[in-house]
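Here's a quick look at a protein chain, with an eye on its rings and a few residues around the start. Have the structure open while you read.

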Amino acid sequence: MKIRKYAAIDIGSNAIRMLVSNVVEYKKKTVFRKNALVRVPIRLGQDAFSEGKISEGNIKRIVKSMKAFKLLMKVHGVKDYLAFGTSALRDAKNGGKVVEKVLVKSGIKIEIIDGKKEAKIISNTPIFDTINKEKTFLYVDVGGGSTEFSILIKGKRIHSKSFKIGTVRLLNNKVSDETWKAAEAWVKLHSATHEKIYLLGTGGNINKLHKMAGIKEGRPMSFLTLSALYNKLSALTFEERIYKLGLNPDRSDVIIPAATLFLKTLNWSGAKVIYVPKVGLSDGMIRELCKNK
């Protein structure tokens, strides 16, 4: 048996996460096991989508986070890592300077990836560990700055597209009608050719919604259940969602636009349910590391 540890640092628009995974090789089989997950609520999208750049205060927070992650990787005995910046760093005019400063101050090398690469890595995650891949899926990954759509047929990605529709953008009214229409047209075009299609949803918000609904892992969430949850959340204030439902402050606001986007996508595609495999970009990054070894 051979066991290695890898880390994936996902620098998103609503938070920064580091996943540490054990990669176990035994009898010609490779198994991935999550070992640790650290999440830091730094909302870079608030800067990037409203001001066009990352603020000095948040740059300092990123540097401190990367220094902490580097120490944690050393303690865990991590062999290698990837650090990807997504929508917020893509849009920020000082994104390149942020990457340079982080490298100098912490030694962590960040790669800013485009939407196409993000969609590809996300759709290569282990989504079919608990879900039947024989179905045709519209894979929807909702982030703070962008949403990645992919059509998966028998587990293979056939089409994919990234749109600048994310929860933090929506909170700041930074999504145009044209972008909404383009996303709707893409979903309808690629869903219409399939007699039956199911949604696969990933991202912190749909994971939380699935958990709040009390649905067992591997079982889908229906349109009606999601709609009822949306109505329940919308009836509460930001503070009430924190106090009564136990949501984190940085989840309490973005969960509503996320639910809105999933409900719209269900309507556009004609799908009736959403499967929630509870994986994301960081899981795909771990596999990307292994693939390149």
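What follows is a short tour of the N-terminal end, then the aromatic side chains.

Keep in mind that this is a predicted model.

Let's begin with Met-1, which sits in the segment before β1. Met-1 has a relative accessible area of 69%, so it counts as exposed. Together with Ile-3 and Tyr-26, Met-1 makes up a nonpolar surface patch, and the three share about 370 Å² of accessible area.

Arg-4 belongs to strand β1, which covers residues 2-11. Its relative accessibility is 11%, and because buried means under 20%, Arg-4 falls in that class. The side chain of Arg-4 also makes a polar contact of 2.8 Å with the side chain of Tyr-6.

Now for the rings. Searching the whole structure turns up 6 aromatic pairs. One of them is Phe-149 with Phe-163: the ring centres are 5.8 Å apart and the planes meet at 70 degrees, so this pair is edge-to-face. It ties together distant parts of the chain, with Phe-149 in strand β7 (residues 147-153) and Phe-163 in strand β8 (residues 156-163), 14 residues apart. Both Phe-149 and Phe-163 are buried. Elsewhere, Phe-137, Tyr-198 and Tyr-275 gather into one aromatic cluster.

Two lysines have their charged ends over rings, as listed here:

| Charged residue | Ring | Distance from ring centre |
|---|---|---|
| Lys-161 | Phe-163 | 6.0 Å |
| Lys-264 | Trp-180 | 5.1 Å |

So Phe-163 turns up twice: in the edge-to-face pair with Phe-149, and under the charged end of Lys-161.

Methods: Residues are numbered from 1 along each chain as its sequence is written. This is a predicted model: local features need pLDDT of at least 70, side-chain atom pairs count only at pLDDT 80 or more; totals for chains, interfaces and linings use all residues. Side-chain values use heavy atoms; hydrogens and water are left out. Helices (H or I, at least four residues) and strands (E, at least two) are DSSP runs, numbered from the N terminus. Buried means under 20% relative accessible area, exposed over 50%, partly exposed in between (1.4 Å probe, protein chains only). A polar contact is a pair of N or O atoms within 3.5 Å; within protein, one must be able to donate a hydrogen and the other to accept it, and residues adjacent in sequence count only if both atoms are side-chain atoms. Patches are made of residues with over 30% relative accessible area and no salt bridge: like charges are joined within 9 Å, nonpolar side chains (Val, Leu, Ile, Met, Phe, Trp, Tyr) within 5 Å. Accessible areas come from the Shrake-Rupley method with a 1.4 Å probe; for residues, only the protein chains shown count as cover. A salt bridge is a side-chain nitrogen of Lys or Arg within 4 Å of a carboxyl oxygen of Asp or Glu. Rings of Phe, Tyr and Trp (its six-membered ring) pair if their centres lie within 6.5 Å; planes under 30 degrees apart count as stacked, over 60 as edge-to-face and the rest as tilted. A charge sits over a ring if NZ of Lys or CZ of Arg is within 6 Å of the ring centre and within 35 degrees of the ring normal.
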